Amino acid sequence: MDAFLQGFQIVLQPMNIFWVVIGGFLGTIVGMLPGLGPATAVAVLIPITFGMDPTSAIILMAAIYYGAMYGGSRSSILLNTPGDGSAIAATFDGYPMAQKGQAGEAMAISAVASFIGGVLAVFGFIFLAKPLANFALKFGPSEYFLLMLLTLSAIVSLSIGKMVKGFIAMALGLLISTIGIDPQTGVHRFTMDIPHLSEGIEFLIVIIGVYAVGEVFYNFLTIDKVKKEKKKVGRIWFTKEQWKRSKWPILRSAPLGFIVGVLPGAGGSIASMMSYSSEKQLSKKPEEFGEGAVEGLAAPESSNNAASVGAMIPLLTMGIPGSGTTAVMLGALIMLGVRPGPLLFENDPGMVWALINSMFIGNIALVIINILLVGLLVKILDTPAKVLYPLIIMLAFIGTYTLSYSTVDYFLLLLFGVIGLFMKIMDFPIAPLVLAIIVGGDMEQNFRMALTSSNGSLSIFFSSGISITLIVLTVLSLFYPIVINKFKKKSRNDDKEAISA
Amino acid sequence: MKAVKIGMPLFMIIIASVFLISSFAIPKANLGNPNGPLYFPIGLSIFMLVLSIIYLFNELKTLHEHNGKIQVLFEGRTLKLIAVTIALGVIYAFIFEPFGFLISTIIFLGCLLFYVNGWKKWKVNIIVTVSFSFITWYGFSELLGVSLP
């Protein structure tokens, strides 16, 4: 309780409230720009945290994260172009609502649904974070290695239909993480006698390269074809009838999204799709879904915001990012000297609880921003992409420079921008690459520490209940796509038989 | 289009092979297990090599299938846009420190905006270039205390 109150005191400092509002606003803007999601928002805006104290920095980054989640749905509703995967579900009914002249109502209900989803998930965070951190204290090197393996395999397995590519991306990320001086032995690996590489490749450069520069390159593919639609927003509040239809879907979807967010690998996209399909199944009027059903918009919006809060739990309690965005945040935190993990709750409870409490304030600020400033936000959407993308490229360069004060990294930035472009063109999932680069170093060190403690015997990885559970979950996560594919095929065959009968 | 479809797995195979060959050149450690630093990179390189070969065969099987994104890459000025951005980025890297942040950023952003947004919108390009270069400099240098050349 003391830590909770201490957290409130920290977050109520005017400067921290300022950062929450600024982070939420900037996150909303970047998140709502087509093609740019929360990971890009955090990556591009990381340099703002330089020179800040770590507590303010983490509060700001979290605000950018859930701000981008709010923003992602703006472009889904108005342009039928989701900011990122988790905003796709908002196009299903949000855009049809906008076409019917209900854009303002759609944006209001999505803001309120996001708010409720986010706030309910913060309560979940309060109750779950500490017990999970205490549980994580039981983890040794072998358990940590297996947990990271599970996270990576879960992320890869979610790229159903392109698992080979997912594993290649993961292996490439892990190999990149081995570049530099081996911390256990001091041996230089793959440094090619280039002093700049002895510290390894800064993962934030990879992240900014792939997510910011790569995204802009990818958006160059359509830059001359995009025609902006000007939308009439209409009244910016929903009707009693719309609220009546939405309230239960919002309340049901929040816990679902929160749980999905906590799971490694799963994230806002899965959460929003799951809540959309479950609400469609529960609905008395499923035929209205896809035609502008308000609950079809409210449910995924509640769910994906709850997932973004849930995803912070494994990040803070175990230092395991479960998604591309939380991986970016972990990178930034490490750079700021904060080491997320179970001990963070012991060593710096003020910071953790300040972050948790900032989410309440952030969600309130965001709902106000998203409803009161909707006119301004819509105007920002009118910013031509041809002006916007050069600015993002410029920010990416500045961000990279401020990481190491060396322009040599500009070449790495461009290289990873090109890699990111081709990965997107060839349908490679990017999250496994980014996640692997970030956890790769720790994964290898934990693997070797575990083996050292067992005199080289692999039995150490089967020596505890936690380890065995993690191995079983890893295997299950790998078989999950195969089962899903078989299930889909079977249901297709059943349909055919039913038709022929 | 086929060259890109085949090129990507070949590129991955080359990367994995380079890592594998270089892994054997990693010096032995004086502390602990002498081969300790080798196991992870060797295992990963082999893993990536095998997967990249599978990926190559998968691509060969679907070589005739259309990939709209690759097609768009070669249409219009997309490739030129990417190439010019990279070229300007390389120039930016060379002039950033000698010219200082403001001048080099105005040159870089200005050139990029004129190329991407077109010469007809010269007023917007100039206003955006100058104002954003200055705002960024002020934000980083003065508000955030980040040292810029």
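**Figure 1. A:Glu279 and its salt bridge with A:Arg252 in the predicted model.**
A:Glu279 counts as buried because its relative accessibility is 4%, under the 20% limit. In this predicted model, A:Glu279 forms a salt bridge with A:Arg252, and the closest N and O atoms are 2.8 Å apart. A:Arg252 lies in helix H10 (residues 240-262) of chain A and A:Glu279 in helix H11 (residues 268-282) of chain A, so the pair ties together parts that are 27 residues apart in sequence. A:Arg252 itself counts as partly exposed, at 39% relative accessibility.

**Figure 2. A network of salt bridges that joins A:Asp182, A:Arg189, A:Glu444 and A:Arg448.**
Salt bridges with shared partners link these four residues, A:Asp182, A:Arg189, A:Glu444 and A:Arg448, into one network. Over all chains, the structure holds twelve salt bridges. In one of the bridges, the side chains of A:Arg448 and A:Asp182 meet at 2.7 Å, N to O. A:Arg448 is in helix H20 of chain A, while A:Asp182 is in the loop between strand E1 (180-181) and E2 of chain A, so this pair ties together parts that are 266 residues apart in sequence. A:Arg448 is buried, with a relative accessible area of 8%, and A:Asp182 counts as buried at 1% relative accessibility. Another salt bridge joins the side chains of A:Glu444 and A:Arg189 (2.8 Å, N to O). Here A:Glu444 lies in helix H20 of chain A and A:Arg189 in strand E2 of chain A, so the pair ties together parts that are 255 residues apart in sequence. Both A:Glu444 and A:Arg189 are buried.

**Figure 3. Helix H14 of chain A and the helices around its buried residues.**
Helix H14 of chain A covers residues 324-335. Its twelve residues should span 16 Å at 1.5 Å a residue, and the end C-alpha atoms are 17 Å apart, which agrees. H14(A) is mostly covered, as ten of its twelve residues are buried. Among the buried residues of H14(A) are A:Gly324, A:Thr325, A:Val328, A:Met329 and A:Leu333. The buried residues pack against helix H3 (38-45), helix H4 (54-79), helix H9 (203-220), helix H13 (312-318) and helix H20 (431-453) of chain A. Just after H14(A), A:Gly337 has a positive phi of about 90°.

**Figure 4. The surroundings of A:Thr151 in helix H7 of chain A.**
A:Thr151 is placed in helix H7 (residues 141-157) of chain A. With a relative accessibility of 3%, A:Thr151 counts as buried. The side chain of A:Thr151 reaches the backbone oxygen of A:Leu147 at 2.8 Å. Leaving out residues up to four places away in sequence, A:Thr151 touches A:Pro264, A:Ile320, A:Pro321, A:Gly322 and A:Leu435.

**Figure 5. The surroundings of A:Glu105 in helix H6 of chain A.**
Helix H6 (residues 103-136) of chain A holds A:Glu105. The relative accessible area of A:Glu105 is 11%, and the residue is buried. Residues up to four places away in sequence not counted, A:Glu105 touches A:Met97, A:Arg235, A:Trp237, A:Phe238, A:Thr239 and A:Gln242.

**Figure 6. The interface of chain A and chain B.**
At this interface, 61 residues of chain A are in contact with 64 residues of chain B. The two chains, A and B, bury about 5,400 Å² between them, 82% of it on carbon and sulfur atoms. Two salt bridges are counted between chain A and chain B. In one of them, B:Arg77 pairs with A:Asp224, the closest N and O atoms being 2.9 Å apart. Six residue pairs are in polar contact across the interface of chain A and chain B. On the side of chain A that touches chain B, the elements that give two or more residues are helix H8 (163-177), strand E2 (188-189), H9, helix H18 (385-404), helix H19 (409-425) and H20 of chain A. H18(A) gives the largest share of that side, eleven residues. The residues of the side of chain A that touches chain B divide into 43 nonpolar, eight polar and ten charged.

**Figure 7. The surroundings of B:Ile107 in helix H5 of chain B.**
B:Ile107 is found in helix H5 (residues 101-117) of chain B. At 34% relative accessibility, the residue B:Ile107 counts as partly exposed. B:Ile107 is in contact with B:Ile95 and B:Phe99, its neighbours within four places in sequence left aside. B:Ile107 and B:Tyr92 are 15 residues apart in sequence, and their C-alpha atoms are 8.2 Å apart in space.

Conventions
Residues numbered from 1 in each chain as written. Chains lettered and ligands numbered in written order. Predicted model: local features only at pLDDT ≥ 70, side-chain atom pairs only at ≥ 80, totals over all residues. Heavy atoms only, no water. Helix = DSSP H or I, 4+ residues; strand = E, 2+ residues; numbered from the N terminus. Expected span 1.5 Å × (residues − 1). Buried < 20%, exposed > 50% of the residue type's maximum accessible area, 1.4 Å probe, protein only. Contact = heavy atoms within 4.5 Å. Buried area = accessible area lost by both parts, 1.4 Å probe. Polar contact = N/O pair within 3.5 Å; in protein donor to acceptor, adjacent residues only side chain to side chain. Nonpolar A, V, L, I, M, F, W, Y, C, P; charged D, E, K, R; others polar.
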